[in-house]
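I opened the model to look up domains, chain contacts and core packing. My notes follow in the order I checked things.

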Amino acid sequence: MSSLSTPDTPNPLGSAAADAAADVRRSASAASHTAAVKRRERAAQWHLLFILVVVLGPLVVYPLVRLVLLSLTDPHGLSLHAYSAFFSNPETSGVIGTTLWILFASAGLASLLGVALASILFFKPFPGARMITRFLELFVAFPSFLVAFTLIFLYGSQGSVSIGLQRLFHLQAPPLDFLFGVGGVILAEVVFYAPFVVRPTLASFATLDMRLIEAARSLGASGWMVAFKVILPLAWPGIAAGTILCFLLTLNEFGILLVLGSAHLITLPVAIYSSATVDLDLPTAAAGAVVMLIMSLSLYALYRQVNRRKVKGAGHGR
Amino acid sequence: MAVELDPTVLPVVHKKARPVRRSLVVRVLGGLFLGFAALLCFWLFVLPVLVVALSSVAAHWSGTILPDGFSMRWFERLGSSDFDALTTSLEIGMGVAVLGTILGLWLALALEGRDRRGLGAIVDTIAMMPNGVPSVVLGLAVLIAYHKRPFDLSSSAAIVVFVQLALVLPFCYRCAAAALRPELTILREAAASLGAPPSMVLRRVVLPQLVPAIRASLALGFALSLGELGATLTVYPPGFATVPIVVVGQVERGYYLPASALSLILLLVSLAALLLIAARVPRRRVD
């Protein structure tokens, strides 16, 4: 590095001595600068290691390592007994299938609804659309179990909508009775997680070059063609990131499942929770938790990958 | 809507540009569609919040469309256990918000410009990992790690703070890291080149620039901590139930109206905190 800044071509003219002195000084300054940079970089690395050990170690790493270890050991050493215990329990058989089915139904619907709402809010804003957008930003801070809880007042068998339908059609009994089960869980998760798709989708619409859309329109493209041939390919990375995030959050959801589904519907989080706190069987719960951890961390890795590509793509575009 | 694109027949008179006129049916359908979308937004997202407010002041609400009367009796009947839960929630929330903000700021400053490769990438990944871990799983992991000797936290509120801190940390870290912009680096280098020692650069240049991010991080940490259910429910020791735990317990036993009174208080407290902390954040760089 420092040899570059000191070209050692001999100077045939008289001021060689002065030049040499200047060169030496320059190279010394460059060397000390390089040394300082190197020292600072090393200090920063030690600082990072310190944070890793003192902050993240006890908060994140140690608990997760203990979790995995507990699921893999029994009093005699390594074994997979906890896993077979978790999956052979008659109450939790088929639990992964149920979890995945609910995940795909509710996160898929929430993504479709979120993208559709975001497109309407951005391209055809109705009066109050700005307020709705602001509200959706606040909605993200709303606890999920409260959403499930309010749906009881609306769609429960004695709720407003059910009684309203009964009065409207003069029925004998309240018509709606789906809330405490798969239907209610999917409804609550769609309502709660659609806003999480709306926000990234709106953000990626906002970075679109509107001139492209106008050009497509002026060349005679219809609304559908503009949507599918221009907007969707351009906004795709943001929409994909939002959709994956929605799947991840829906998989990790617990409050809605506890309020609406705990009675009839055994999903992975509820099974883990009940074997940890009701049966007090920590190894079995840990086995279930490791399975769930693998599922959600692989989804999360995918999310980070897509998000990083999106950031990089935006950087190139500018 | 036939568009004439024959270039040889240019119009002699310049007609005024007119908006494309659509047929009446299309316009009515479009209007109906937008109205439906607006109604759907209101129905799905605004109504739940209104329902919490309405049900907490309802005298009785079951088997009717609207509550059959209004009273404040659910608030008057809140017992000491409810207020204990509220106090616990507030204390834990503040602790988590302050600690999470400090740790997030520290992480962001240490990782600035280094989160792409080497040790920095590992630290960044681990710090963001709780975002991808289900809250029940994280709660269970913390419970397993800290319920026995040598680290026994299972009888104090520390374990709740601990688990919520792990969950909140990625958000606080992102908040602070997003605020460390390139301009700020230039300012810091300028201050350092003018001879300010690092501590002075941090105190006089960096922290004042980060005030909006710190406020946002405090507000976010507080709100997330107040609403956290899965991890807290898994680890909480007896006597340290937070409001969400009490609310879910009441809902499971069918006491809907007291539960909504308590949740309304929770929502108002968290909204008030958000407004108090984040209200005067100057809106900078909206682009």
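I began with how chain A is divided: domain 1 covers 2–74 and domain 2 covers 86–317. Those bounds come from a domain assignment, and the model itself is predicted.

How far apart are the C-alpha centres of the two domains of chain A? I read 45 Å between domain 1 and domain 2. I then listed the contact between them: five residues come from domain 1 of chain A and six residues from domain 2 of chain A. On the domain 1 side, helix 2 (residues 16–72) of chain A supplies the largest share, four residues. I sorted that side of domain 1 by residue class and got three nonpolar, one polar and one charged.

Next I took chain B by itself. I counted 11 helices and zero strands. Read from the N terminus, the elements of chain B are α-α-α-α-α-α-α-α-α-α-α. Chain B has 287 residues, and 40% of them are buried. I also checked sequence separation in the contacts of chain B. Taking pairs at least 6 apart in sequence, I found that 72% join residues at least 24 apart.

Then I turned to the contact between the chains. How many residues does each chain give? I noted 64 residues from chain A and 58 residues from chain B. Which helix gives the most to the chain B side? It is helix 1 (residues 24–56) of chain B, with 12 residues. By class, the chain B side that touches chain A holds 44 nonpolar residues, 13 polar and one charged.

Last, I looked at the largest nonpolar core. I found 159 residues in this core. The members that touch the most other members are I272(A), A286(A), L140(B) and A176(B). Helix 6 (residues 158–179) of chain B gives the most to this core, 17 residues. I also checked the domains of chain A against this core: domain 1 (2–74) and domain 2 (86–317) each provide at least three residues.

I picked I272(A) for a closer look and set aside its neighbours within four places in sequence. What is I272(A) in contact with? In chain A, I listed A285(A), G288(A), A289(A) and M292(A). In chain B, I listed V136(B), V137(B) and L140(B). I also marked that L140(B) is named with I272(A) among the core members that touch the most others.

Methods: Residues numbered from 1 in each chain as written. Chains lettered and ligands numbered in written order. Predicted model: local features only at pLDDT ≥ 70, side-chain atom pairs only at ≥ 80, totals over all residues. Core = buried A, V, L, I, M, F, W, Y, C linked by C-beta atoms within 7 Å. Buried ≥ 20, exposed ≤ 12 C-beta atoms within 10 Å, placed from the backbone. Helix = DSSP H or I, 4+ residues; strand = E, 2+ residues; numbered from the N terminus. Contact = placed C-beta atoms within 7 Å. Nonpolar A, V, L, I, M, F, W, Y, C, P; charged D, E, K, R; others polar.
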